[in-house]
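Here is a short guided tour, meant to be read with the model open beside it. Feel free to rotate the view as each stop comes up.

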Amino acid sequence: PAISSAQTSVISPSCPEMAKFLNPDEMTSRDYYFDSYAHFGIHEEMLKDEVRTLTYRNSMYHNKHIFKDKIVLDVGSGTGILSMFAAKAGAKHVYGIECSSISEYSEKIIKANHLDTFLIFSQEVDIYTVKPEELSFTSSFCLQIQRNDYVHALVTYFNIEFTKCHKKTGFSTAPDAPYTHWKQTVFYLEEYLTVKRGEEIVGTVSMKPNEKNARDLDFTFELDFKGQLCEAAIAHDYKMR
């Protein structure tokens, strides 16, 4: 689609928190988080993650009617790969929001792909639409043992599904699914469980943002297991930084 000259500029205001140099003693986990995305390595890993990247691309390319002439906001846009997918899928305009300094390179990448007339990049935005109570949850689970063995840890993963579109697509980050750069999160138990096939581990998992830094997550697992060879009632806290 034709874009007016007023829509061709690339905006990259500096992020206030990143404007001054911070030595390691001054850096918070939030600073470390954004700094980690300022380096090429993490973006190379994500771009080479074909399960992730191609699924995201196909969700747009196979549903171009959703993107045609729309304005798209890409929060945490990194190198701009998803923003470029959206532009090629027919978006009228794409706003990329990236707080790390990788945005300086994403502008060059977008220009090299001749998409700078579609994309505007900024480095930070405040989003107030998410309700605080939606960021915390408690969920129950029941795990059925598949073989006689020892349980040393619990593994969590997530699934991505694009269902509100004409052609549905998605992927899983489960251990038995094709590899993605997200891998899985492992929560080790202080004492292992001796289990037999057919037995069940029941419990709950609670997650909430850390009170001091909302980018950190606090987890609580409560387990109840009554097996033939072992019984245990476990409550343990974990912190994801």
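A residue is called buried when its relative accessible area is under 20%, exposed when that area is over 50%, and partly exposed in between. With a relative accessible area of 45%, Cys142 is therefore partly exposed. Cys230, at 17% relative accessibility, counts as buried. A search of the whole structure finds zero disulfides. Please keep in mind that this is a predicted model.

**The chain as a whole**

Seven helices and 11 strands make up the secondary structure of the chain. Of its 241 residues, 36% are buried. Among contacts in the chain with a separation of 6 or more, 63% join residues 24 or more positions apart. The accessible surface comes to about 15,400 Å², and carbon and sulfur atoms account for 53% of that surface.

**A helix inside the structure**

How many of the eight residues of helix α6 are buried? Seven of them are, so this helix, which covers residues 81-88, is largely enclosed by the rest of the structure. The buried residues of α6 are Ile81, Leu82, Ser83, Met84, Phe85, Ala86 and Ala87. Just after α6 comes Gly90, with a positive phi of about 115°.

**Four loop residues to visit**

Loops deserve a look too, and the table below sets a few of their residues side by side.

| Residue | Loop | Relative accessible area |
|---|---|---|
| Ser101 | between β2 (93-97) and α7 (103-112) | 34% |
| Asp69 | between α5 and β1 (71-75) | 43% |
| Lys183 | between β7 (169-172) and β8 (185-195) | 39% |
| Phe158 | between β5 and β6 (159-162) | 35% |

Ser101 is partly exposed, as its relative accessible area of 34% indicates. Its C-alpha atom is separated by 9.1 Å from that of Gly78, and the two residues are 23 residues apart along the chain.

Phe158, at 35% relative accessibility, is also partly exposed. Leaving aside neighbours within four places in sequence, Phe158 is in contact with Ser172, Thr173 and Trp182. The C-alpha atoms of Phe158 and Ala174 are 6.9 Å apart, while 16 residues separate the pair along the chain.

The backbone angles of the other two loop residues are worth a moment. Most residues other than glycine have a negative phi. Asp69, however, has a positive phi near 65°, and this residue is partly exposed at 43% relative accessible area. Lys183 is not a glycine either, yet its phi is positive at about 55°. With a relative accessible area of 39%, Lys183 is partly exposed.

**A buried loop residue**

Is Asn63 buried or exposed? Its relative accessible area is 0%, so Asn63 is buried. Asn63 sits in the loop between α4 (50-61) and α5 (64-67). Not counting residues up to four places away in sequence, Asn63 touches Asn58, Cys165, His166 and Lys167.

**The second largest pocket**

The last stop is an open space in the surface of the model. About 700 Å³ of space lies in the second largest pocket. Four elements give two or more residues to the lining of this pocket: β4 (137-144), β5 (149-156), β9 (200-209) and β10 (217-226). Which of these elements gives the most to the lining? That element is β5, with eight residues.

In total, 23 residues line the second largest pocket, and those nearest its centre are Leu143, Val151, Ala153, Leu154 and Val155. By residue type, the lining divides into 15 nonpolar, six polar and two charged residues.

How values were computed:
Residues numbered from 1 in each chain as written. Predicted model: local features only at pLDDT ≥ 70, side-chain atom pairs only at ≥ 80, totals over all residues. Heavy atoms only, no water. Buried < 20%, exposed > 50% of the residue type's maximum accessible area, 1.4 Å probe, protein only. Contact = heavy atoms within 4.5 Å. Areas by Shrake-Rupley, 256 points an atom, 1.4 Å probe, with all protein chains shown as cover. Disulfide = S-S within 2.5 Å. 1 Å grid on protein atoms, 1.4 Å probe; cavity = no way out; pocket = protein on both sides within 12 Å on 5 of 7 lines; lining within 4 Å. Points joined across faces, edges and corners; volume = space filled by probe spheres on them. Nonpolar A, V, L, I, M, F, W, Y, C, P; charged D, E, K, R; others polar.
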